[in-house]
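Biologist: I should like to learn how the features of a model are read, one at a time. Shall we take burial, pairing and internal space in turn?

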Amino acid sequence: MRHVTVEALIPDVPAEAVFDAVLHFERYPELTPHVRSAVVHEGPPGPQGSSSWELYFRSGLLRWTESETYDRERLHIAFRQTEGDFDELSGSWLLRQAGPDCALRFDAGFCFGIPSMAGILDPIAARVIEETVGWAVNGMFAGVRLGAAARPDAAHDEAQPLGAGD
């Protein structure tokens, strides 16, 4: 299984506000060029939801529907594919307050179930997922620091593009 992790530091924003913004999946197509569509079937204020996604991938689309669990008290969002192009897909968003800033960590694991193609498909899918999360968070908030710059003790004055400082 391939794993993807994206860390971000959102300056001067309460973690609860970031949690609420991340859950607006329907906004992701306007925030990132990789997302063709994100349809929310069920979402907050309840503790569980469901959404369907289409991401531009290679010369086609990567599609899946996922179930989500929202835990606002722990600032945690978990998701798992219920149907779609992956053999397996699951992950989480975890937020924490870091002084006046919010530290965000996105983790996902996926497998296409085609071992002979893993060397080709997995790196492309990992890049698309990482970039999608980076674009989305940067679109939601100003001054976001990604990658190594996401450490609360990192001293950077500007938002870093995905991969910068890694």
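Biologist: Is serine 92 buried or exposed, and how is that decided?

Modeller: This is a predicted model, and burial is read from the relative accessible area, with a cut-off of under 20% for buried. Serine 92 has a value of 16%, so serine 92 counts as buried.

Biologist: Where does serine 92 lie, and which residues is serine 92 in contact with beyond its neighbours within four places in sequence?

Modeller: Serine 92 belongs to strand E6, which covers residues 88-98. Leaving aside those sequence neighbours, its contacts are His76, Ile77, Ala78 and Phe79, together with Arg105, Phe106 and Asp107.

Biologist: Is glycine 147 buried or exposed?

Modeller: The same cut-off of under 20% applies. Glycine 147 has a relative accessible area of 18%, and is therefore buried. Glycine 147 lies in the segment after strand E8 (145-146).

Biologist: How far is glycine 147 from alanine 8, in sequence and in space?

Modeller: The two are 139 residues apart in sequence, while their C-alpha atoms are 6.4 Å apart in space. The strand pairing gives a context: alanine 8 has leucine 146 of E8 as its bridge partner, and E1 and E8 pair in the antiparallel sense over 2 bridges.

Biologist: Over how many bridges do E1 and E7 pair, and in which sense?

Modeller: Strand E1 (residues 2-10) and strand E7 (residues 101-111) pair over 9 bridges, in the antiparallel sense. Within E7, glycine 109 stands opposite histidine 3.

Biologist: How is the span of helix H3 to be read?

Modeller: One compares the distance from first to last C-alpha with the span expected at 1.5 Å a residue. Helix H3 has 23 residues, 118-140, and reaches 32 Å, close to the expected 33 Å. The buried residues of H3 include Leu121, Ala125, Ile129, Val133 and Met140.

Biologist: How does one look for internal space?

Modeller: Rolling a probe the size of a water molecule over the atoms shows where empty space is left. Here there is 1 cavity of 30 Å³ or more, and the largest cavity has a volume of about 220 Å³. Of the 15 residues lining the largest cavity, Trp53, Trp64, Phe79, Phe106 and Val133 are the closest to its centre.

Biologist: Which elements give two or more residues to that lining, and what is its chemical character?

Modeller: They are strand E3 (48-57), strand E4 (60-71), E6, E7 and H3. H3 provides the largest share, 3 residues. By character, the lining residues divide into 13 nonpolar, 1 polar and 1 charged.

Conventions
Residues are numbered from 1 along each chain as its sequence is written. This is a predicted model: local features need pLDDT of at least 70, side-chain atom pairs count only at pLDDT 80 or more; totals for chains, interfaces and linings use all residues. Side-chain values use heavy atoms; hydrogens and water are left out. Helices (H or I, at least four residues) and strands (E, at least two) are DSSP runs, numbered from the N terminus. Buried means under 20% relative accessible area, exposed over 50%, partly exposed in between (1.4 Å probe, protein chains only). Contact means heavy atoms within 4.5 Å. The expected span of a helix is 1.5 Å times one less than its number of residues. Two strands pair if DSSP finds at least two bridges between them. On a 1 Å grid over the protein atoms alone, a cavity is a set of points where a 1.4 Å probe fits but cannot get out, and a pocket is an open set with protein on both sides within 12 Å along at least five of seven lines; lining residues have an atom within 4 Å of a point. Grid points are joined across faces, edges and corners, and a volume is the space filled by probe spheres set on the points. Ala, Val, Leu, Ile, Met, Phe, Trp, Tyr, Cys and Pro count as nonpolar, Asp, Glu, Lys and Arg as charged, and the others, Gly among them, as polar.
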